[in-house]
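Student: I have not looked at a structure like this before. Could you show me how to read it, one feature at a time?

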Amino acid sequence: MIIHGGKPLHGTVPVSGSKNTALPILIAALLTDEPVRLTNVPRLRDVTTTLGLLTGLGAEARWTGDNEVVVHARKICSHVAPYELVKTMRASFLVLGPLLAREGRARVSTPGGCAIGARPVNLHIGGIRALGAKIQFRHGYVEAHAPELKGGRVWLDNPSVGATENIMMAAARASGITQIENAAREPEIVHLAAMLSAMGARIRGAGTHVIEIEGVARLRGCEHQIATDRIEAGSLMVAAAITGGDVAITDAPLEYLEAVTTKLGEAGVLIEAGEGQVRVRRGANLRPVELRTLPYPGFPTDLQAQMMALLTQATGTSVITETIFENRFMHAQELIRMGGDIVMKGPTAVVRGPSRLQGAPVMATDLRASMSLILAGLAAENTTEIGRVYHLDRGYEALEKKLKSLGAQIERVPE
Ligand code: EPZ
């Protein structure tokens, strides 16, 4: 991606459907032999990867419109989620619960580490075992058997989003009551529970720390509209602020962005909520902030990299602490190469500003780091070249088209 920076962004831009909402909901369609129709599905690499995964398991899974998907798992003819798929997309591990609930067995590759950390699955395994599954680890795969899943009580050491989703999907068709304590409270959990309920599941407490699921024997097909993406919305807010622009963002799920809009406000970003849109401008001077990423409703780790780019422009010293992943500062090195003044010590990064960002050739390492480099490029003088932007295509739909419509000079060229 080639960006000629220094242009304030102006105009109106829509937020697409949420990747982290869509992926578990697509996989939940395995829990029924009836068709599931999803709308407002974002056109992302990870969604297409998931359709491939579902097809490999025997389901029909295809795009039926620009942002519409039908998944019909009439029958399951394979119980294997292979390494090459799970390695590229960790969310594939979420097929474990549904396959066990539907078929009583599953062979799912463990995801292994990724750029941002070790990404263990022990909380998924512990929860599924609590429902009566027998689980072994062989040759890098989880081999699970459960002739019948029975409701049980699960305590999550930390409120893992994926573990909460995997266990919730398994419990939806287990016999009896399951309680998940210290469950993740992310909006993605609430959306998954809403879709499962539309299929006939009995779930209470989604969005709180205790979720209770009463298993049912059958789940029906359903129609569901994917909620808009809170992380994309936050990223677009930063784009308006870092370029000193004035942008109206439509369909932003503001009710899920309290921690983000509060922190941006502290940093001197002007945010005005209107009818179905939010207007974002940079105030006179950006101010430094203290930022800690936390489980929802705290500040989301998926917006930490974007905030770091913004805070290089604040007048003063900011402190960012990443508490969710152990290696999520890779973008910092590249921001430093562009002129950012950032010093890291373990889970903490100290950002001094304002720095004049200069365009430079940089490399994306993971999805949200890519966005942070795009944002820095938009603010930097002259030209920034970002390599390996395939990371970006995993989680942002038509990003350069959206930014171009706001006046950014951004082009995608063959690497
Ligand atoms: C989801 O990942 C999101 N992905 C991530 O977004 C997001 O950063 C993360 O939640 C935290 O909010 C999707 O929803 C597809 P976790 P997930 O399980 O479920 C540890 C993006 O950029 N942990 O809540 O994998 C884990 O190592 C992606 O869109 C265990 O120790 O996250 C991490 O430190 C990146 N054992 C912490 O918990 C487990 O069994 C949070 O992980 C599971 C997780």
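Tutor: Let us begin with a term: helices and strands are DSSP runs, numbered from the N terminus. Please keep in mind that this is a predicted model.

Student: Which helix gives the most to the shell around the ligand?

Tutor: That is helix 5, which contributes three residues to the shell. The elements that give two or more residues to this shell are helix 1 (19-28), helix 5 (122-130), helix 6 (161-172) and helix 12 (367-379).

Student: How many residues surround the ligand, and which are the closest?

Tutor: A residue counts here if one of its heavy atoms lies within 4 Å of the ligand. By that reading 21 residues surround the ligand, and the closest are Arg90, Asn122, Leu123, Asp302 and Ile324. Sorted by class, the shell has eight nonpolar, seven polar and six charged residues, and at least three of its residues come from each of domain 1 (2-15 + 228-411) and domain 2 (19-225).

Student: Which atom of Leu123 lies 2.7 Å from an oxygen atom of the ligand?

Tutor: It is a backbone N or O atom of Leu123, whereas Lys19 places a polar side-chain atom 3.0 Å from a ligand oxygen atom. The protein buries 87% of the 830 Å² that the ligand exposes when taken alone.

Student: How many helices and strands does the protein chain have?

Tutor: The protein chain has 14 helices and 24 strands. Its radius of gyration is 21 Å, close to the 22 Å that the globule rule gives for 415 residues, so the chain is as compact as a globular protein of that length.

Notes
Residues are numbered from 1 along each chain as its sequence is written. This is a predicted model: local features need pLDDT of at least 70, side-chain atom pairs count only at pLDDT 80 or more; totals for chains, interfaces and linings use all residues. Side-chain values use heavy atoms; hydrogens and water are left out. A polar contact is a pair of N or O atoms within 3.5 Å; within protein, one must be able to donate a hydrogen and the other to accept it, and residues adjacent in sequence count only if both atoms are side-chain atoms. Accessible areas come from the Shrake-Rupley method with a 1.4 Å probe; for residues, only the protein chains shown count as cover. Helices (H or I, at least four residues) and strands (E, at least two) are DSSP runs, numbered from the N terminus. Ala, Val, Leu, Ile, Met, Phe, Trp, Tyr, Cys and Pro count as nonpolar, Asp, Glu, Lys and Arg as charged, and the others, Gly among them, as polar. Domain bounds come from an automatic or database domain assignment. The radius of gyration is taken over C-alpha atoms; the globule rule is 2.2 Å times the number of residues to the power 0.38.
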